[in-house]
Amino acid sequence: MLITDIKRVIEQVSRDKGIAVETLAKTLEEALKSAARKKFGNQIDIEAQYSAETGEIEVFQFKEVVETITNPDLQISIEEGRELDPECEAGDSLGTKVDTSTFGRIAAQSAKQVIIQKMKDAEKEAVYSNCIDRKGEIINGIVQRMDRGDIIVNIGQTEAILPHREQLPKETYRRGDRVRANIMKVFPDSRGPQIVLSRTHPEFLINLFKTEVPEISEGIVTVQCAVREAGGRAKIAVSSTDFDIDPVGACVGMKGSRVQNVVQELRGEKIDIIPWHVDAAKFVCNALAPAEISRVIIDEENGSMEVIVPDEFLSVAIGKRGQNVRLASKLTGWHLDVQSESIYSQAMKEGYDSLMGVQGVNIGLADILYEKGFFSAEELSNASVEDLMQIRGIDDEEKAEELIENARVAVEAEALEKENLAAEEVEEQAKEASEETAVAEEVAEKSEKSLTESATEEEDTEESEEISEETAAEEKISEKSEIAAEEAAVEEEGMEESEEFPGKTVEAKKEKPKDVKSADSEVGLSDEPNASE
């Protein structure tokens with residue numbers, strides 16, 4: 001089948017989708033084979049071939065040449081085969097060209113579905129291969145949407161995810177904002193490659209410096225290592241292969257222009273650019289800058305360093321919440337123990353005193369042991385006989401063993417003394433706690449007693465009030481009874497007088513209203529004439 005535009009269409013799709021031409025050609029071949037099986041059945045032997053030079057796609061049906069036909073779909077007789085190929089023999093396979101125009105609508109629809117599916121799979125594979133090759137690089141994208149704190153970023157051919165844990169603190173995005181991030185992981189998936197981005201990884205910081213500093217891209221300046229606490233502080237160690245180029249100055253740029261671009265991209269994150277040094281102690285001193293270092297004691301067996309700084313630089317060396325020394329430890333790979341000079345001097349004095357406390361050690365021997373690195377009785381107890389015999393003043397093996405044994409005894413005695421002191425402190429604390437408890441109980445008793453007394457006083461007050469009320473009521477009752485008795489006595493006297501003088505009774509009764517009227521008028525009542533008058 002010759003289609004004039006098929007070659008041009010394949011090349012155009014290859015450029016647009018980023019799919020190889022060979023993959024598209026195989027997709028077309030599979031589609032035509034599917035259409036042929038849809039038309040003639042699944043048992044036939046079909047092959048399709050695409051010619052990239054001519055743009056021709058041909059479909060062939062193959063049959064085996066046999067003498068007796070048992071399956072017409074897969075076999076052909078010798079007579080029919082020799083009509084196609086005069087030299088064919090039994091057992092040969094002959095292919096006949098199939099006219100694709102007879103496939104019909106259903107077969108064409110099946111071919112279309114195959115092409116669409118194969119195109120999707122090929123596009124996913126192309127995106128995955130492209131992204132897996134760019135793993136660890138910076139990519140630019142546009143914020144598509146937010147999903148439970150995660151950011152879905154459109155990076156062109158596909159979408160990537162920027163998890164919440166990989167975002168800078170206090171960093172907010174809205175739909176349509178541009179974002180730069182590092183490709184950290186690429187996972188193949190049935191829905192398409194899953195790409196995970198990061199803005200907190202140290203590789204993102206290194207890649208930002210690569211884009212801003214040409215010397216790093218050219219290989220003149222090398223980034224040895226970098227550590228970050230995203231959004232807070234970062235340290236990056238650089239070195240130079242050219243002695244005429246300062247690696248720190250190259251990264252800082254003119255008036256800090258290069259490093260400022262990186263700081264703005266990281267939302268104000270502070271960056272310390274440190275010159276890398278092959279000497280571990282010197283590198284640690286550079287990593288703890290701007291603090292001044294007085295002394296560094298290296299313990300290679302445990303991979304640790306004891307860093308002594310002046311008292312005024314102790315807070316600078318440690319940093320805010322230990323951030324400076326923590327980043328320096330990660331950068332150098334050594335466990336760092338930062339101490340001030342005063343504390344270190346006190347510890348050295350105590351160690352020297354413990355050496356002097358060992359039986360058989362005088363001032364001269366203590367100075368020699370101190371110079372050889374035995375700073376305390378504990379270190380002397382852990383020493384070997386061979387190490388002590390190399391010290392001037394210790395001649396034989398017996399003396400060395402005796403010193404080691406005496407040192408162990410001194411260490412045990414010191415440990416016992418510390419335990420006793422700790423026990424005494426615990427007892428004192430317990431005693432203080434018991435005293436405080438007793439005081440608290442006494443205060444509680446006093447408060448309870450005062451509450452009880454106040455309650456009793458209130459009850460007494462209430463009882464006295466009740467008694468006074470009862471007394472007042474009794475007094476009122478007695479007054480009323482006295483008044484009633486007086487009235488009764490007056491009535492009795494009146495009765496006696498009326499019995500003795502019956503003629504005066506009427507006059508007294510007639511005069512009584514006048515008395516009442518005069519009494520009422522004195523109170524202020526009306527002076528209306530009485531009807532009885």
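Which residue stands opposite serine 51 in β2? Glutamate 56 in β2 does.

The model is predicted: local features need pLDDT of at least 70, side-chain atom pairs count only at pLDDT 80 or more, and totals for chains, interfaces and linings use all residues. Residues are numbered from 1 along each chain as its sequence is written, and side-chain values use heavy atoms, with hydrogens and water left out.

**Strands β1 and β2**

Helices (H or I, at least four residues) and strands (E, at least two) are DSSP runs, numbered from the N terminus. Strand β1 covers residues 45-51 and is joined to strand β2 (residues 56-66) by seven bridges; the two run antiparallel. Two strands pair if DSSP finds at least two bridges between them. In a regular strand the side chains alternate between the two faces of the sheet. The covered face of β1 holds Ile46, Ala48 and Tyr50, while Asp45, Glu47, Gln49 and Ser51 make up the uncovered one.

**Helices α2 and α11**

Helix α2 (residues 21-40) has 20 residues, which at 1.5 Å a residue should span 28 Å; the end C-alpha atoms are 29 Å apart, which agrees. The expected span is 1.5 Å times one less than the number of residues. Buried residues (under 20% relative accessible area; exposed is over 50%, partly exposed in between; 1.4 Å probe, protein chains only) in α2 include Leu24, Leu28, Leu32 and Ala36.

Helix α11 (residues 323-332) is largely enclosed by the rest of the structure, because seven of its ten residues are buried. Those buried in α11 are Gln323, Asn324, Val325, Leu327, Ala328, Leu331 and Thr332. Their cover, by contact (heavy atoms within 4.5 Å), includes β10 (221-229), β11 (233-240), β12 (270-275), α9 (280-287), α10 (314-318) and β15 (335-340).

**Backbone angles**

Most residues other than glycine have a negative phi, and most peptide bonds are trans. The residues below have a positive phi.

| Residue | Phi | Place |
|---|---|---|
| Glycine 41 | near 105° | follows α2 |
| Glycine 333 | near 80° | follows α11 |
| Lysine 170 | near 60° | loop between β7 (159-162) and β8 (178-187) |
| Lysine 255 | near 55° | loop between α7 (247-252) and α8 (257-265) |

Lysine 170 counts as exposed at 88% relative accessibility, and lysine 255 counts as exposed at 83%. A cis peptide bond, with omega about 10°, joins alanine 289 and proline 290. Proline 290 is in the loop between α9 and β13 (295-299).

**The largest pocket**

A pocket is found on a 1 Å grid over the protein atoms alone, as an open set of points where a 1.4 Å probe fits, with protein on both sides within 12 Å along at least five of seven lines; lining residues have an atom within 4 Å of a point. The largest pocket has a volume of about 490 Å³. It is lined by 19 residues, of which Ala347, Gly351, Phe375, Ser376 and Glu378 lie nearest its centre. Elements that give two or more residues to this lining are α12 (341-356), α14 (377-381) and α16 (397-500). The largest share, seven residues, comes from α12.

**Serine 381**

Serine 381 lies in helix α14 and is buried, with a relative accessible area of 7%. Leaving aside residues up to four places away in sequence, serine 381 touches Ile404, Ala407, Arg408 and Val411. Serine 381 and asparagine 406 are 25 residues apart in sequence, and their C-alpha atoms are 7.9 Å apart in space.

Key: Points joined across faces, edges and corners; volume = space filled by probe spheres on them.
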